[in-house]
Amino acid sequence: MFRKIVEQQPAGICLSAARPEIFRAEIDKAMAHGIPVICVDADVPDSMRVLYIGTDNFKAGRESLKRMAALIPGKGNIAVISIPGQHNLDDRVQAWRTR
């Protein structure tokens, strides 16, 4: 889908890249063709994208853990269901692991 959009030569692309490794080269190609790319919520930091707009996911992970813990009086377990390899979620899980 991303490649098809680039072929249409849009004025710009706004993308939430759940799998950064899939998009890095494609973002760089779009930028080389003069199509600015902005990442939102899920970044591709090693790409040539113009900018990233989103959450500090490490801080979001810490805050969500703190709020979940407040819902459990005393002791309890918290289950985290995630998608491994999705950069923004990996950062949040890393924050939970390093609490």
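**Exercise 1. Determine how many disulfides the structure holds, and explain the result for Cys14 and Cys39.**

*Solution.* The structure is a predicted model, in which local features need pLDDT of at least 70, side-chain atom pairs count only at pLDDT 80 or more, and totals for chains, interfaces and linings use all residues. Residues are numbered from 1 along each chain as its sequence is written, and side-chain values use heavy atoms, with hydrogens and water left out.

Step 1. The criterion for a disulfide is a pair of cysteine sulfur atoms within 2.5 Å. A search of the whole structure returns 0 disulfides.

Step 2. The cysteine sulfur closest to that of Cys14 belongs to Cys39 and lies 8.2 Å away, so the distance is too far for a bond.

Step 3. Cys14 is exposed (over 50% relative accessible area, 1.4 Å probe, protein chains only), at 58% relative accessibility. Cys39, at 0%, is buried, where buried means under 20% and partly exposed lies in between.

**Exercise 2. Identify the residues of the largest nonpolar core and the elements that supply them.**

*Solution.* Step 1. A nonpolar core is a set of buried Ala, Val, Leu, Ile, Met, Phe, Trp, Tyr and Cys residues joined through side-chain atoms within 4.5 Å. The largest has 12 residues: Phe2, Val6, Ile13, Leu15, Ala17, Phe23, Ile27, Ala30, Ile35, Val37, Cys39 and Val44.

Step 2. At least two residues of this core come from each of helix 1 (2–7), strand 1 (13–15), helix 2 (20–32) and strand 2 (37–40); helices (H or I, at least four residues) and strands (E, at least two) are DSSP runs numbered from the N terminus. Helix 2 gives the largest share, 3 residues.
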